[in-house]
Amino acid sequence: MSRDRGPRRPRRLGRSTLTAASVTVLSSVLSMTASGCVVVHGEREILPGATKAEATRALADFTAAYNKANGANDPSLDADRVTGALGDIDGAKLKAGGKNQPGGNPNYVPLKLTDTEFTIPEKAGWPRWFVADAKANKGRGEDRWLLVFTRGDADGLWEVSYLTIASAQEIPEFKKDEDGWAQPVTADETDLAIAPGRLPQRYATYLKDGGDGFEAGAHTTKWRSDRAADAARPGLAQQYIDEPLTSGDYAPVGLRTADGGALVFFTTRHYQKQTAAQGVPINVTNADVKALLTGEPKQSLTLESISNQAVLNPPKSAPNPQIKFLSRIQGLTAAKGE
């Protein structure tokens with residue numbers, strides 16, 4: 001069963017164990033930051049991004065491919081249905097799964113998405129995108145899965161670039177026009193607490209240096225304190241590098257909310273390098289780390305991960321305009337021993 005959050009006319013916005021509340025921090029020391037902004041090309045007319053039928057079909061195609069890939073531990077089976085942050089997280093998870101369970105995952109329970117709502121913004125040019133909000137047969141009963149579908153041109157396939165898991169009570173009401181279409185926010189909006197295009201860099205800077213702009217919580221103050229505690233462990237030095245990803249399918253996207261703020265999705269890359277003191281061994285026990293490991297960790301181990309965030313970005317005029325995390329999903333994408 002599906003219902004849409006808009007008119008009855010055309011409209012449009014893994015994989016280790018994906019969890020939205022708490023995630024294992026996995027980061028590294030190689031650095032290659034993608035930066036820039038999405039190039040919108042082609043038509044200039046403002047149009048809904050997809051029809052209800054297109055959105056429904058895109059969700060069905062994604063779910064079918066996702067289930068095939070997860071059941072077989074084969075990232076090639078949904079490679080054309082995922083992209084951006086989710087594509088990286090899912091691809092690495094299935095690559096590791098293929099090594100650890102080469103015959104497939106016999107315990108995989110197929111994903112079912114029901115009670116679906118589609119929020120589709122009007123915009124000019126490409127890429128176009130929309131958000132599907134559905135109840136899943138995984139996780140907590142009150143959780144909803146928010147999936148950002150995107151495509152770069154009229155001939156491209158719809159791919160999921162962002163996945164957010166949050167309770168229904170936390171999902172904001174979106175601003176709609178008289179026809180029911182949602183309103184996207186641009187990268188350089190000036191009336192929000194932080195311009196959406198600047199969120200990846202601001203978050204990476206916050207994780208390194210602290211500061212204001214972000215509400216205290218699991219993905220801000222606690223993550224920084226957990227890193228500090230790890231750094232204090234004797235015999236194993238910890239180094240962290242956090243990078244913003246802002247171009248192509250990693251570009252931040254967002255929807256204006258009814259309160260004047262916005263729900264924004266954005267991506268960061270994280271590296272954690274562990275360097276052992278002389279005579280202290282680096283023991284790699286995690287099966288996924290072993291599966292993705294290149295080199296031998298004689299003295300150091302570098303973990304690379306991708307994280308996709310969904311945040312509530314309040315209006316700058318709010319009494320205390322702080323970014324609030326709705327969800328963060330992070331997954332290991334590479335490991336290197338030296």
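**Exercise 1. Find out whether D143 is buried or exposed, then look at its partner.**

Step 1. D143 has a relative accessible area of 8%, so this residue is buried. Here buried means under 20% relative accessible area, exposed means over 50%, and partly exposed lies in between (1.4 Å probe, protein chains only).

Step 2. Its side chain meets that of R140 in a salt bridge, 2.7 Å from N to O. The term salt bridge stands for a side-chain nitrogen of Lys or Arg within 4 Å of a carboxyl oxygen of Asp or Glu.

Step 3. R140 is partly exposed, because its relative accessible area is 47%.

A word on the model before you go on: it is predicted, so local features need pLDDT of at least 70 and side-chain atom pairs count only at pLDDT 80 or more, while totals for chains, interfaces and linings use all residues. Residues are numbered from 1 along each chain as its sequence is written, and side-chain values use heavy atoms, with hydrogens and water left out.

**Exercise 2. Work out which parts of the chain the pair E189 and R256 ties together.**

Step 1. Start with the pair itself: the side chains of E189 and R256 form a salt bridge at 3.1 Å, N to O.

Step 2. Now place the two ends. E189 sits in the loop between β6 and α3 (199-209) and R256 in strand β8 (residues 253-256), so the pair links parts that are 67 residues apart in sequence. Helices (H or I, at least four residues) and strands (E, at least two) are DSSP runs, numbered from the N terminus.

Step 3. Check the burial. E189 counts as buried at 17% relative accessibility, and R256 is buried too, with a relative accessible area of 6%.

**Exercise 3. Do the same for E304 and R269.**

Step 1. Their closest N and O atoms are 3.4 Å apart, and the two residues form a salt bridge.

Step 2. E304 belongs to strand β11 (residues 300-313) and R269 to strand β9 (residues 262-276), so this pair ties together parts 35 residues apart in sequence.

Step 3. E304 counts as buried at 17% relative accessibility, as does R269 at 14%.

Step 4. For a network, look at R57, D61 and R81, which are joined by salt bridges that share partners. In total, the count comes to 15 salt bridges.

**Exercise 4. Describe the surroundings of N70.**

Step 1. N70 is in helix α1 (residues 52-72), and it counts as buried because its relative accessibility is 2%.

Step 2. Its side chain makes a polar contact with the side chain of K93 at 2.9 Å. A polar contact is a pair of N or O atoms within 3.5 Å; within protein, one must be able to donate a hydrogen and the other to accept it, and residues adjacent in sequence count only if both atoms are side-chain atoms.

Step 3. Look back along the helix as well: the backbone oxygen of Y66 lies 2.9 Å from a polar atom of the N70 side chain.

**Exercise 5. List what L113 is in contact with.**

Step 1. Set aside the neighbours within four places in sequence. Contact means heavy atoms within 4.5 Å.

Step 2. What remains is L59, T63, A134, K135, A136, W145 and L147.
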